Amino acid sequence: MFSAEEQRFFVERGLVHQPKRCSGCRLELKNWRKAQLGEAPVTLAVAVCCVCSVVVKVPFEPKGHKPIYCRPCLHKRINGAAEPAAQ
């Protein structure tokens, strides 16, 4: 599914071609390529958005010293519409 948010992302960056793979398939392909090179696979960690408390998956292990945002909250923060929650 090519969500409205993803469509906006593509338009903002001037990308003209729709993605051919979903994020899960992209991750699977990336891990297959890494396996071919003998590298460690990318794993997704579960985290909680510091603004709206939505559970998100991120491709790194959160250490707790930086805030984690879901995609909508991150876009709001980038565009200056939201301030980070106090921790």
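This passage describes the largest pocket, the salt bridges and a nonpolar surface patch of a predicted model.

The largest pocket has a volume of about 860 Å³. Its lining is made up of 31 residues, and those closest to the pocket centre are Ser23, Arg26, Lys57, Pro59 and Arg71. Three helices and one strand each supply at least two residues of this lining: α1 (4-12), α2 (23-37) and α3 (71-78) are the helices, and β2 (55-58) is the strand. By residue class, the lining of the largest pocket divides into 21 nonpolar, six charged and four polar residues.

Helix α1, one of the elements that contribute to the pocket lining, also contains Gln7. Gln7 has a relative accessible area of 38% and is therefore classed as partly exposed, since that class lies between the limits of 20% for buried and 50% for exposed residues. The C-alpha atom of Gln7 is 9.8 Å from that of Pro19, a residue 12 positions away along the chain.

Side chains of opposite charge can pair when their charged atoms come close. In this model, the count of salt bridges comes to two. One of them joins Arg13 to Glu12, with 3.3 Å between the closest N and O atoms. Glu12 is exposed, because its relative accessible area of 54% is over the 50% limit. Arg13, at 46% relative accessibility, counts as partly exposed. Glu12 and Arg13 thus fall into separate accessibility classes, exposed for Glu12 and partly exposed for Arg13. The other salt bridge is formed by the side chains of Lys34 and Glu39, with an N to O distance of 3.4 Å. Glu39 has a relative accessibility of 40% and counts as partly exposed.

A nonpolar patch of about 280 Å² is present on the surface, and Val46, Val48 and Val55 make it up. Within this patch, Val48 is located in strand β1, which spans residues 45-48. The relative accessible area of Val48 is 47%, so this residue is partly exposed. Such a value also allows Val48 to be part of a patch, because patches are made of residues with over 30% relative accessible area and no salt bridge.

Key: Residues numbered from 1 in each chain as written. Predicted model: local features only at pLDDT ≥ 70, side-chain atom pairs only at ≥ 80, totals over all residues. Heavy atoms only, no water. Patch = residues over 30% accessible without salt bridge, like charges linked within 9 Å, V, L, I, M, F, W, Y side chains within 5 Å. Areas by Shrake-Rupley, 256 points an atom, 1.4 Å probe, with all protein chains shown as cover. Salt bridge = Lys/Arg side-chain N within 4 Å of Asp/Glu carboxyl O. Helix = DSSP H or I, 4+ residues; strand = E, 2+ residues; numbered from the N terminus. Buried < 20%, exposed > 50% of the residue type's maximum accessible area, 1.4 Å probe, protein only. 1 Å grid on protein atoms, 1.4 Å probe; cavity = no way out; pocket = protein on both sides within 12 Å on 5 of 7 lines; lining within 4 Å. Points joined across faces, edges and corners; volume = space filled by probe spheres on them. Nonpolar A, V, L, I, M, F, W, Y, C, P; charged D, E, K, R; others polar.
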